[in-house]
Amino acid sequence: MSDEIIEHPDRPQRGQVLFAALFLICATLLLAAIGDQTKWLKGKDFFAQPRFWPGIGVGGMVLFTALHFWHLPRKQRRLPRWMREADWFQWAESLFWAFLAAGLALWLGPIAAAPMVFLVAVIRVTWLYQHWTDRREAKVWASVFEWAGWFLAYVLLVPIIGYLPVTMVFAPILTWRVGYRSRLMLWTSVVFAVVVVLIFKSFLQVKIPGAALYEYLPGALRSFFILNF
Amino acid sequence: MDLIYDFLTQVQASSSYLARWDVVLALLVGSVGGVLIGAIPGVGPAVAIAILLPATFSMDPIVGLTVLLGIYGSSMYGGSIPAILINTPGTAVNALTTYDGFPMTTRGEARRALSLAYSSSFFGGIFSVVCLILFAPILAKIAPMFGSREIFLAALLGIILVVTAHRKHTLIAAAMACFGIWLNTIGLHPASYSKRYTFDQSWLSGGVNLIVVVLGLFALSQAFTLLHGDDEKVRLTKLKGSFFQGFRELARHPRIAGISATFGVVMGMIPGVGEFTAQFMSYTYAQKSSKRPEDFGHGSSEGLIAAETANNAVPGAAMVPLLALGIPGEALTAMMLSVFYVHNVIPGPQLFQNDMDFVVALYLALLILNVLVVAFLLVATNQLIKVVKIPNRFLGVCILILSFVGVYSLRNSLTDCIVAAAFGIFGFIMKRMQLPVVPIVLGMVLGGIMEVKLRSAMARVKTPLDFIDRPIAAILFGMIVLVLLLHFRRVWLDYKERKTDEWQTSHASTSFPAILSRRRNYILTERGKKLRAKRKTFSRRLTDND
């Protein structure tokens, strides 16, 4: 199901330039590495070459993202007053980028430097067109790392302590963290955790290994816990 | 008569697949679970299928696919409930239901709207399944005509349609499809055993797993979005009485129901098109042919019938390219494809030729599922609407916990979880900016198919024209050219429309202050500087030397 086919005439503009620039930079670096990361085999058909499809992939990423970047509605950033008024600064800024590009071309050779020069151009355009809303959006993106951290902590603890105990503790703690303080919600989260473990591990027998801590349980209880929880 | 006899024979042969307790249980779980998942705004079938996918690997293909198909087919029934009652679509495809469903609720006709949505969805679902069972023998004859080059061209057509369907986001959709194609190439090249984009990392040698990416992009990103967002206050309308009246009302609009269902079946069969196009086409048709077009968007029963019939006719039809050619047309069928691969059942022409009973059994399962769902909804709607009240952030906690089962049970790998978390963050960013993620998944799946099929097809091709010298290949190539031409025509028309709008809004009176302002700036800056410098020579200050 294509979730996004609905048109969004009021698609948020915040972060668009930053996202397109970051994606384009990554794609360009990947394209620059294609010679190193894929092989061109002699005597093999063009379409059967190991480099053909990665080339289509990263080539398309660079081409279409660059076009998308170009078509984005953008407004030049309002630089600080001293920057706007100082002619020398604008000269120095342009010269800096030009020297950087020329230096790269001399150092790496014109072909190897081409993606780098392109990168330099992308970074310069991004620097000129990024807005304070982009920076605020970047902070929102960074804030998600906290939830990813919770998820990875949960993943790390399950093989050590056990699926049932960790889930029973993790669910109410995370529920508390997202702002629910009522006993009803906390107990609901515990019940949910138990139900999930019972359905997936005990009933459906999905492949989740028994915890290291279960090894210390006595006799039959040990195998029962490893098998079911 | 022969057709009906063949049909009955086929049904009889396929019933052995369905007459098992585990299939019956799968039907019940799929139907009830799908309705529940659809009724909760913020979950959706993609999240549920992504989470359940690894759990279905240990089941029989028919059981696993019935559960997933059940969720896919019944989630749209459930999705209409919040769309009608609280103006929030339960699944993305119920967005059009809000146009006419919610206005009906505001004027006190919530029960009528829900009943109409159920009956229309039921008609759409049954219509598509009956059509496909009847056409299955014809499909079985056409499917073997698809060789490597035809499958390659069909996959290419699918990817182009997916990209062009994202109107106004075509460029970024194309970039994402290419990203998917590139992701699929990571790891060992199967034909030459050379490494591609592994950066000498052992964990990349095996490639990037599709299910890990899907779980990250759909499930984890949704969990992050919900955890990051706020809860919404929901006020529900009390519903009294039965829900049977919709069937009587639907019977008064056979033309709209029939044509909308046909749109759903046809659009569902074309890879990459899906529910949205079918819905918009049937809605536009219903509005144009209605005696009261002004009611559309303000609680028109015809609008509701068109939207709900079309979207429910799609799931059955979407299985056609998957089963007949092995080409998924959308993210959900792409996920289902992995169930086939795990069990070494390769969907494609051979499946249609050799295991037709299995295919018909799947369609019969979908048929029974529609009956089960309607029966469940007619009885349990009043209890079901309470799930709408589950707070969003708590839902985020639940999805995060369930996502763990999906990712970790796959290979018990911490690396998989890290990769899924990374794609979760990427999906979250894409969702915040309303950029498409579906092309990534389809790029991964269709890219893999295109790579294999192009390699084998090119072995017998001497000149470029040899590639399209067979009738189906030529038709597919013609369709690709036509789709691209239509797309560029639309881009050109949009451009012209935008320019006309700009021209119409920038008339002389609005630019007059701008002219004055430029003139003033010029006088104060360039000309002013010159004038002041000139006057300075005449009015030089006296110095001691003078």
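The paragraphs below lead through a predicted model of two chains, A and B, from overall confidence to single residues.

For the complex as a whole, the predictor reports an ipTM of 0.87 and a pTM of 0.83. Chain A has an average pLDDT of 84, with 93% of its residues scoring at least 70, while chain B has a mean pLDDT of 83, with 95% of its residues at 70 or more. Within chain A the confidence is lowest in helix H4, residues 81-85, where the mean is 72, and highest in H8(A), where it is 93. At the start of chain A, residues 1-9 have a pLDDT that stays under 50, although the model gives this stretch 31 contacts beyond four places in sequence. Where pLDDT is low, the predicted coordinates should not be read in detail.

Chain B is built from 22 helices and two strands, and its C-alpha trace spans about 120 × 65 × 50 Å along the principal axes. Of the 546 residues in chain B, 54% are buried. Among the contacts in chain B that join residues at least 6 apart in sequence, 80% are between residues at least 24 apart.

The two chains meet through 63 residues of chain A, which are in contact with 70 residues of chain B. On the chain A side, at least two residues each come from helix H1 (16-32), helix H3 (52-71), helix H7 (132-161), H8 and H9, and it is H3(A) that gives the most, with twelve residues. By residue type, the side of chain A that touches chain B divides into 39 nonpolar, 17 polar and seven charged residues.

H3(A) can then be followed on its own, as a helix of 20 residues that reaches 28 Å from its first C-alpha to its last, close to the 28 Å expected at 1.5 Å a residue. Its buried residues include A:Phe52, A:Trp53 and A:Pro54, and, further along, A:Phe64, A:Thr65, A:His68 and A:Phe69. What do the buried residues of H3(A) pack against? Within chain A they pack against H1 and helix H2 (34-37), and in chain B against helix H8 (170-185), strand S2 (195-196) and helix H20 (438-458).

Elsewhere in chain A, helix H8 (residues 163-177) and helix H9 (residues 183-203) form a pair whose axes come within 8 Å and cross at roughly 145 degrees, and the crossing of H8(A) with H9(A) is right-handed. From H8(A) the residues that take part include A:Tyr163, A:Leu164, A:Thr167, A:Met168 and A:Ala171, and they meet a set in H9(A) that includes A:Met185, A:Leu186, A:Phe192, A:Val197 and A:Lys201. The residues of this contact divide into 14 nonpolar, three polar and one charged.

A single residue of helix H7 of chain A, A:Val158, gives a closer view of the surroundings. A:Val158 counts as buried because 22 other C-beta atoms lie within 10 Å. Setting aside residues up to four places away in sequence, A:Val158 touches A:Tyr163, A:Val166, A:Ile208 and A:Ala211. The C-alpha atoms of A:Val158 and A:Ala212, which are 54 residues apart along the chain, are separated by 9.2 Å.

In chain B, three loop residues can be visited in turn. B:Arg107 lies in the loop between helix H5 (95-106) and helix H6 (110-142), and it counts as exposed because it has 11 C-beta neighbours inside 10 Å. From C-alpha to C-alpha, B:Arg107 is 25 Å from B:Ala310, a residue 203 places away in sequence.

B:Tyr193 sits in the loop between strand S1 (187-188) and S2 of chain B, and although B:Tyr193 is not a glycine, its phi is positive, at about 55 degrees. Is B:Tyr193 buried or exposed? With 8 C-beta neighbours inside 10 Å, B:Tyr193 counts as exposed.

B:Gln434, in the loop between helix H19 (414-432) and H20 of chain B, likewise has a positive phi, near 55 degrees, in a residue other than glycine. B:Gln434 has 15 C-beta neighbours inside 10 Å and therefore counts as partly exposed.

How values were computed: Residues are numbered from 1 along each chain as its sequence is written. Chains are lettered from A and ligands numbered from 1 in the order in which they are written. This is a predicted model: local features need pLDDT of at least 70, side-chain atom pairs count only at pLDDT 80 or more; totals for chains, interfaces and linings use all residues. Axes are lines fitted to C-alpha atoms, for helices over the stretch in contact, and angles run from 0 to 180 degrees between N-to-C directions. Helices (H or I, at least four residues) and strands (E, at least two) are DSSP runs, numbered from the N terminus. A crossing is left-handed if the near helix is turned anticlockwise from the far one by less than a right angle, and right-handed if clockwise. Two residues are in contact if their C-beta atoms, placed from the backbone, lie within 7 Å. Ala, Val, Leu, Ile, Met, Phe, Trp, Tyr, Cys and Pro count as nonpolar, Asp, Glu, Lys and Arg as charged, and the others, Gly among them, as polar. pLDDT is the predictor's confidence in each residue, from 0 to 100. A residue is buried if 20 or more other C-beta atoms lie within 10 Å of its own, exposed if 12 or fewer, and partly exposed in between; C-beta atoms are placed from the backbone. The expected span of a helix is 1.5 Å times one less than its number of residues.
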